[in-house]
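Reader: Could you take me through one part of this model up close? I'd like to hear about a helix, what it packs against, and the sheet beside it.

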Amino acid sequence: MKKISFVLIALVFLAGMAFASGNAESAAPADPNTVKVGLLCIGDENDQGYTYNFIRGRDEATEMLKADGINVEWVTKFNIGEDATCTDANIEAAEEGCQIIFNNSYGFEPFMLEVVDEYPDIEFVSCTNCASAFDGRDNTHNAFADIYEGRYIAGVVAGMKMQQMIDEGTITPEEAVIGYVGAYSFAEVISGFTAYYLGAKSVCPSVTMKVSFVGSWSDATAESDAALALADQGCVMISQHSDNTTPATAAQSRGVFHTGYNNDMTGIAPNASLISTRIDWGIYFYEAIKAYVEGEEIPQDWCKGMSEGAVVMTALNEAIAAPGTAEKIAEVEAGLADGSIQVFDTSTFTVGGEELTHAFALDTDGDFTADSEEAVYDGAFHESVFQSAPYFTVQIDGIEWLNAAY
């Protein structure tokens, strides 16, 4: 009996050691200069757009942190839905020992927030959303960038091309129509296409815009179909707030021009795509991870712009861009940096024929109420000042919504 008891005890001990070893492999690294980080993505890098841009930021931050003596062990999960699979993915990343978990899609935040209280020692970040900034928790965070600045510059590039076409007699002033493929009809998308339109209008006064919403962040076929339909309706310039490259290839197939988002699309549409703008997520990943490792607080609501390197333009397609475009980009970038150019300058657009004099930013409950912050002051609507996520929802004159998708 004693021999049997000894064997049983030994087996239990060895099993316990194996279990502990298995947990140790998935736990946070013991090295204080190594941090385990989760990145949950709505798509994968093959989209060559939204998720690809996050992977690019991940890799950039890894190299920057390595130069500072900080090693990152990434746990990256692809093709996560804006549903219960996101809840599961956050739990999995937490159980695998991630010390920081980045959620890369707007629709992930509600599912992320279902998990965070169970893991108070893990930092959770919702990129592009806004609830975490005001939820009173120490371990939840939001992050975005002033992408409307890049949208404005992309619009300037588009407007210069259309004005060139007008000047050369290729189109009439009335035919300077932009077709915009949007994901959903809420603030992030509205802010972006309005900034784009105002950039185009600053150099091509006759421009108008048609917006088609596809009701998805990432649906390559729907994005292509929308872009084709817009071109067939007479749009000579296509742009997008959607995750894939298909609006660019659709534009090229119809012989019209294009500006993109998240990635340089000139390689797949060299005869159509002029330029793109993107958020450099590497800047944020670097700052957040470094703060964590050094025992500093990760900002509750992070936002930076073009002058700080968080918003960038891809290379200009000089082969098809209007003459003088590169010089104009430099001029506008300088104006945005010194404040002499305000993207949402209220003297440059109207709403129902009237100048905009009053508009709310979101309050801390995420609603537009009488207690919300006044966003219009000093002659402009001030975007992403009161929170990182956009809150511009005004439907301005000159932009036609062909549908809506919430």
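Author: Let's start with a bit of vocabulary: a crossing is called right-handed if the near helix is turned clockwise from the far one by less than a right angle, and left-handed if anticlockwise. Keep in mind that this is a predicted model. The crossing of α5 and α10 is of the right-handed kind. Helix α5 covers residues 147–167 and helix α10 residues 325–338; their axes sit 10 Å apart, at an angle of about 150°. Anything over 145 degrees counts as roughly antiparallel, so that's how α5 and α10 run relative to each other.

Who does the touching? On the α5 side you'll find E149, Y152, I153, V156, V157 and M160, and these meet T325, K328, I329, V332, E333 and L336 of α10. By character, the residues of this contact come out as eight nonpolar, three charged and one polar.

Now for the sheet. It's an open one with seven strands, ordered β12-β10-β9-β8-β6-β7-β15, and the pairing is mixed. At the edges are β12 (311–313) and β15 (399–401), each paired on one side only. From one strand to its neighbour the average turn is 20°, ignoring direction. Over at the β12 edge, β10 (residues 273–279) pairs with β12 in the antiparallel sense through three bridges, and T277 stands opposite M313 of β12.

Helix α5 comes back in here: it packs on this sheet, touching β6, β8, β9, β10 and β12, and its direction makes about 170° with that of β10. Helix α6 (residues 187–201) lies across β6, β7, β8, β9 and β15, running at about 160° to β7.

Notes: Residues numbered from 1 in each chain as written. Predicted model: local features only at pLDDT ≥ 70, side-chain atom pairs only at ≥ 80, totals over all residues. Heavy atoms only, no water. Axes fitted to C-alpha atoms, helices over the stretch in contact; angles between N-to-C directions. Helix = DSSP H or I, 4+ residues; strand = E, 2+ residues; numbered from the N terminus. Parallel < 35°, antiparallel > 145°, perpendicular 65-115°, else oblique. Contact = heavy atoms within 4.5 Å. Nonpolar A, V, L, I, M, F, W, Y, C, P; charged D, E, K, R; others polar. Pairing = 2+ DSSP bridges.
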